[in-house]
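Visitor: I would like a close look at the charged side-chain pairs here, followed by whatever helps me place them in the fold. Please take your time and state your cut-offs as you go.

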Amino acid sequence: FGTDQVPWYYLGLAVLALIIVFAYSLQNSRLGRAWVAMREDELAAACMGVNITRTKLLAFSMGAFFSGFAGVIQGSRGGLVDPSQFTFQVSISILVMVVLGGLGSVPGVVLGAGIIALLQYYLLDQMNGWIHGLGGIVHVNFLQTVDLVEGQYLIFGIMLVLMMIFRREGLIPSSQRQRELKPADTLVLAEENLQLYDTRSGDAT
């Protein structure tokens, strides 16, 4: 494609659309249901006949499969793939995308990725200028020298903590995850919080 970035943009959108369709298909498949069961209770899933080792290996393989698409585009576009490009900070960014959007929700993860990418590549840099201007007006040295881009992972950490406190299910949660974390019926919530076995006395309730 040469130096023209527009074809890379449309190629990325096409691959993203294919991955979303594939993810929806996996979510409703037998393998997807096995992943959900294993996530909720590994022992119960094993008792119901789920091969835990095989299912975990398939999860790792599928993650590598999806990552391979992004790696091909990144390597072809940049002409180089180097381990230094994939630091621990990249893992933090991906974690924040998933938690912010919603675990188990494909639209949620897409929204979370869009918000974090917008923050990283545009908004934080713009906000630096606004804060520096405000610091010049109010004559506060800290505001004139603060760099939000350098402190972006501190901001992401604060976002994670706030999400865990106020909205654990994410911005667009999956219906199942939302029912688990916020049951609509108070009786269901009471049943979920009921201790079936008292470990101190050894009595069943």
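**The salt bridges and their setting**

Guide: Glu169 forms a salt bridge with Arg167, with the closest N and O atoms 3.6 Å apart; the term stands for a side-chain nitrogen of Lys or Arg within 4 Å of a carboxyl oxygen of Asp or Glu. The model is a predicted one, in which local features need pLDDT of at least 70 and side-chain atom pairs count only at pLDDT 80 or more, while totals for chains, interfaces and linings use all residues. Residues are numbered from 1 along each chain as its sequence is written, and side-chain values use heavy atoms, with hydrogens and water left out.

The partners of this pair differ in their cover: Glu169 is buried at a relative accessible area of 2%, whereas Arg167 is partly exposed at 30%. Here buried means under 20% relative accessible area, exposed means over 50%, and partly exposed lies in between, for a 1.4 Å probe and protein chains only.

The salt-bridge rule gives a count of two, and the other pair joins Lys56 to Glu42, whose closest N and O atoms are 3.3 Å apart. Because Lys56 lies in helix α4 (residues 52-78) and Glu42 in helix α3 (residues 42-47), this pair ties together parts that are 14 residues apart in sequence. Helices are DSSP runs of H or I with at least four residues, strands are runs of E with at least two, and both are numbered from the N terminus. Lys56 is partly exposed at 33% relative accessibility, and Glu42 is likewise partly exposed, at 38%.

Helices α3 and α4 also meet a neighbour, for the buried residues of α2 pack against α1 (6-27), α3 and α4, where contact means heavy atoms within 4.5 Å. Those buried residues of α2 (residues 30-40) are Leu31, Gly32, Ala34 and Met38. Seen down the axis of α2, they fall within an arc of 160 degrees, so they line one face of the helix; the arc is taken from the directions running from the helix axis to the C-beta atoms. The face turned away from this buried side carries the exposed residues Arg30 and Arg33.

Beyond α4, Val81 sits in the loop between α4 and α5 (88-101) and is partly exposed at 48% relative accessibility. Leaving aside residues up to four places away in sequence, Val81 touches Gly71, Gly75 and Phe86. The C-alpha atoms of Val81 and Gly71 are separated by 7.9 Å, although the two residues are 10 apart along the chain.

As for the whole, the protein has 10 helices and zero strands, and buried residues make up 21% of its 205 residues. The mean pLDDT, the predictor's confidence in each residue on a scale from 0 to 100, is 82 for the protein, and 84% of the residues score at least 70. Among the elements, α3, the helix that holds Glu42, has the highest mean pLDDT (89), and helix α10 (residues 186-193) has the lowest (60).
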